[in-house]
Amino acid sequence: MEKNRNYFVAIGLSVLILVAWQFLYVNPKIEKERIAAEALQAQQAQQAQSQPGTTAQQPATGQALPGGTVPGTGENRDQALAKSARVAIDTPALSGSINLTGARFDDLKLKAYHETVSKQSPIITLFSPAETTDGYFTEIGYVGDAASGSVPGPQTVWTLSGGDKLTPSTPVTLSYTNEKGITFNRTISIDDRYMFQVVDSIKNSTAEPVSLSSYGRVTRFNKPTTPSVYVLHEGFIGVIGEHGLQEVGYSKIEDDKAIEPGKATGGWLGITDKYWAAAVVPPQATPYETRFSHFTDGRARYQSDYKSDAITIAPGQSSELKNLVFAGAKEVPVVDNYEAAYSIPNFDKLIDWGWFYFITKPMFKMMDYFYRLIGNFGIAILITTIVVKLLFFPLANKQYASMANMKKVQPKMEELKKKFGDDRMGLQQAMMQLYKDEKINPLAGCWPILIQIPVFFALYKVIYITIEMRHAPFFGWIHDLSAPDPTTIFNLFGLLPFDAPSFLHLGVWPIIMGITMFVQMRMNPTPPDPTQAMLFTWMPVVFTFMLASFPAGLVIYWAWNNTLSVLQQSIIMKRQGVKIELFDNLKNLFSKKPKPAE
């Protein structure tokens, strides 16, 4: 009993620490980060209006990458787009244009995704010109030597020499010939989703060899305004050859200014948000150097870039280089397909599957399979829960059977306590012998819970990070499984005309989850110890408030899982011939206590 008491006290203290941490540290931190992000955006907007002109200088190891002019005129998006000649982009997934100055991808919108649940809200804007406050773009260019003359960079004005609109069936060709007579022909093609192919054919018509290094960069002038969450990485990302996966957050790069993983062959790099990303895939056979940077000269900006080793083109000869540019939504099947189709190493790591990758991704695959059969991700979550329950069925049986056996021997344990009194050592030895005689493992009930913790966390990751869950409806008032239940009991679920404070946000599904947890705990006898009894009573209430801010899909999973557990435990207890304490516990809880005899 002493061990049980300590066990419950530990749980209670852990819960209280989590709650205190949430309300006293996490919530104020999130609010502080939100205010800081808004202030940074306002500062950048002011800089954009006041700066007559800055350059996005791109030094790298060896020769420096050329800088791109960033006028900082404070123009709106439409004004910035109208300043330069462009080639339209129109695919089933994307709309936008390519800037012929720099052959830059700086105008891109995602047709299938809206800013809010409403289909009438604006579609997501991914890329915008550098002149705007939210400037964000990708660019492929070159660094040359003295013999090469001017090579394509941020200020290069390309000529449209083939095609008039970039679509999945119609690539476009851009041309540029410099003062030395070196001709660059760039063919840009795109599939029906988010992958651009940039193929450069370079012809050296001079009388001497030229040396060229290609570069690629993803640059943005802002960062997400939503506070970062510890379970999700946003910021710089890449798989840099033998250096493997690199993830660098915005705060770290702001402190360090630049991080260089080192020279590598093969891989990719870019910048990732929760649901969207931009990445460049350099030529896979050529070694390259990589850097993640934060620049504060002029307008502050973040940049992920590479510079490849130089290639030499002999007089009269030609060379061809191919780069890939991903810009779009991190849809799991699409990203996986790109990894296989283009042999991009670990491209699926663009999605933050976390430490439990081996659980998280298969769980999504299962859920996605049921979604494609049924058409509702909420139902898919319920079916996935059943499958998980079936997988853990043998362990759960052992858990509940052990609990049932413990109840059977409860009278014998009480006799031993009376017999040994304050002799704790003798009591422990007698109890161990009792467990041995009755073939009971007192820890058998703990292992299934410990094993299921990674599964729960993996499901949380799936619901939180995958774009497939974004704006995915269930039934009734749940229009987005990745967001908290929008209702709250404190305004009578929307009947009263005011919004409750965030810390009092308690929706219908969290309440349902709390009720199912309460019922599950009442399946067992109320502990005689007052401390245990208090934890026994208040734990469902604490968890109800804790989960109120979690994604609705996760709360629905937990409520459904509790319901299945109650049914399973009832069946096992009945088979074991053990009394189900639920109704007696409820009766005792709500009945009036008799007054003490006078």
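Two strands are taken to pair if DSSP finds at least two bridges between them. In this predicted model, strand β3 (residues 86-90) and strand β9 (residues 165-166) pair in the parallel sense over 2 bridges, and within this pairing Ile89 of β3 stands opposite Leu166 in β9. Strand β3 also pairs with strand β4 (residues 94-99), here in the antiparallel sense and over 5 bridges; a hairpin of 3 residues joins β3 to β4, and Val87 stands opposite Ile98 in β4. In a regular strand the side chains alternate between the two faces of the sheet. In β3, the covered face is formed by Val87 and Ile89, whereas Arg86, Ala88 and Asp90 make up the uncovered face.

The loop between β6 (123-127) and β7 (136-143) contains Glu131, which has a relative accessible area of 15% and is therefore buried, the cut-off being under 20%. The C-alpha atom of Glu131 is separated by 9.6 Å from that of Phe221, although the two residues are 90 residues apart along the chain.

A further loop, between α10 (447-465) and α11 (508-521), holds Thr488, and Phe490 is placed in the loop between α10 and α11 as well. Thr488 counts as buried because its relative accessibility is 4%, and its side chain reaches the backbone nitrogen of Leu506 at 3.3 Å. Phe490, by contrast, is partly exposed, with a relative accessible area of 34%, and contributes to a nonpolar surface patch of about 540 Å² that is made by Ile489, Phe490, Met534, Trp538, Val541 and Phe545.

Conventions
Residues are numbered from 1 along each chain as its sequence is written. This is a predicted model: local features need pLDDT of at least 70, side-chain atom pairs count only at pLDDT 80 or more; totals for chains, interfaces and linings use all residues. Side-chain values use heavy atoms; hydrogens and water are left out. Helices (H or I, at least four residues) and strands (E, at least two) are DSSP runs, numbered from the N terminus. Buried means under 20% relative accessible area, exposed over 50%, partly exposed in between (1.4 Å probe, protein chains only). A polar contact is a pair of N or O atoms within 3.5 Å; within protein, one must be able to donate a hydrogen and the other to accept it, and residues adjacent in sequence count only if both atoms are side-chain atoms. Patches are made of residues with over 30% relative accessible area and no salt bridge: like charges are joined within 9 Å, nonpolar side chains (Val, Leu, Ile, Met, Phe, Trp, Tyr) within 5 Å. Accessible areas come from the Shrake-Rupley method with a 1.4 Å probe; for residues, only the protein chains shown count as cover. A salt bridge is a side-chain nitrogen of Lys or Arg within 4 Å of a carboxyl oxygen of Asp or Glu.
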